[in-house]
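Biologist: I am new to this structure. Please take one helix and the space beside it, and walk me through them closely.

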Amino acid sequence: MLKHIHPLAAWYTPEIKDRNARILQRPKALTISNLHKTFEHKGKKINVLNSIDFTAYKREFVCVVGPSGCGKSTLARLIAGLETHEVGAIHIDDDLVDGPGPDRGMVFQSYSLFPWMTVKQNVMFGLTESGMSKNSAEAEAFQWIDLVGLEKFANAYPHQLSGGMKQRVAIIRALANQPKILLMDEPFAALDPQNRLKMQRYLLEIWQNIDITIFFITHDLDEAIYLADRILILEANPGRVQETLSVPLPRPRKEETLLSPEFFATKEYLEKLVHPPTTEVDMEDKLSMVRMVSVNSEVPDIF
């Protein structure tokens, strides 16, 4: 009996295999066990997530992809404790998730900054709410602001910032509370391609310098391949795990990575999973569905 060989097997060098293996030996940061989620719509229950099992490890960067309706954002909100589930369990380290908590930070596509607060005040907010003194919170906030290159904008208000700047503030506001996991729900989707790539670089730099596990939802396959250690691929109706893919690219990632043959091979593989080809309707069948009429009888002259 022939052993199945993964389509990307040729791109897993010994160094990449070793790094991926070492990730899986780290302590568990996030454990999702037999997770089920349903919504009720017009009196009917809709199964959104079905039997989700997944483990993320300390300082791992996980991206989640899948077709529309597969429950990516719902999964992130369940981990954040913003929604409840019917069956299964979610643990951060060994602690059961039963609501929002400081061990998880969340960054949304919409920047969710307080418009009446400056950059500094937005970053300080969670720190002071947790009991830190104003002076200590201010000093901590300046360190984060400096990390993302916004020291000149510390006293600016959100409406004075570009989209990329706003998202940098949203990220460091979430990280300032030192969560164990940073949940990101398509945070760069609203940015233009140039700013999106800048934000991806910022995020990788931040992640490489702090102790954080990132769980990143995206519909952009290029983004997932560029950022992730592993990609969780969901299929829809209902949402369930199709595959967990270790990315066959070395660290650190550079922009040239986006042009490498292993990058294109990985994207081609993901495309087949996430956007499988559909059966095209034969042209003759299409024409047979159209009622043909005489131009002079019903259809006005369009020439």
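Modeller: Here is a close look at helix H1 and its surroundings. This is a predicted model, where local features need pLDDT of at least 70, side-chain atom pairs count only at pLDDT 80 or more, and totals for chains, interfaces and linings use all residues. Residues are numbered from 1 along each chain as its sequence is written, and side-chain values use heavy atoms, with hydrogens and water left out.

H1 covers residues 14–23. Helices (H or I, at least four residues) and strands (E, at least two) are DSSP runs, numbered from the N terminus. Ile16, Asn20 and Ile23 of H1 are buried (under 20% relative accessible area, 1.4 Å probe, protein chains only). Seen down the axis of H1, these buried residues fall within an arc of 55 degrees, so they line one face of the helix. The arc is taken from the directions from the helix axis to the C-beta atoms. An α-helix has 3.6 residues a turn, so residues three or four places apart point the same way. On the other side of H1, Pro14, Glu15 and Lys17 are exposed (over 50%).

What do the buried residues of H1 pack against? They pack against strand E2 (44–57) and strand E10 (240–246); contact means heavy atoms within 4.5 Å.

E10 also meets Tyr269 of helix H8 (residues 261–274): among the contacts of Tyr269 are Glu243 and Leu245. Tyr269 is buried, at 14% relative accessible area.
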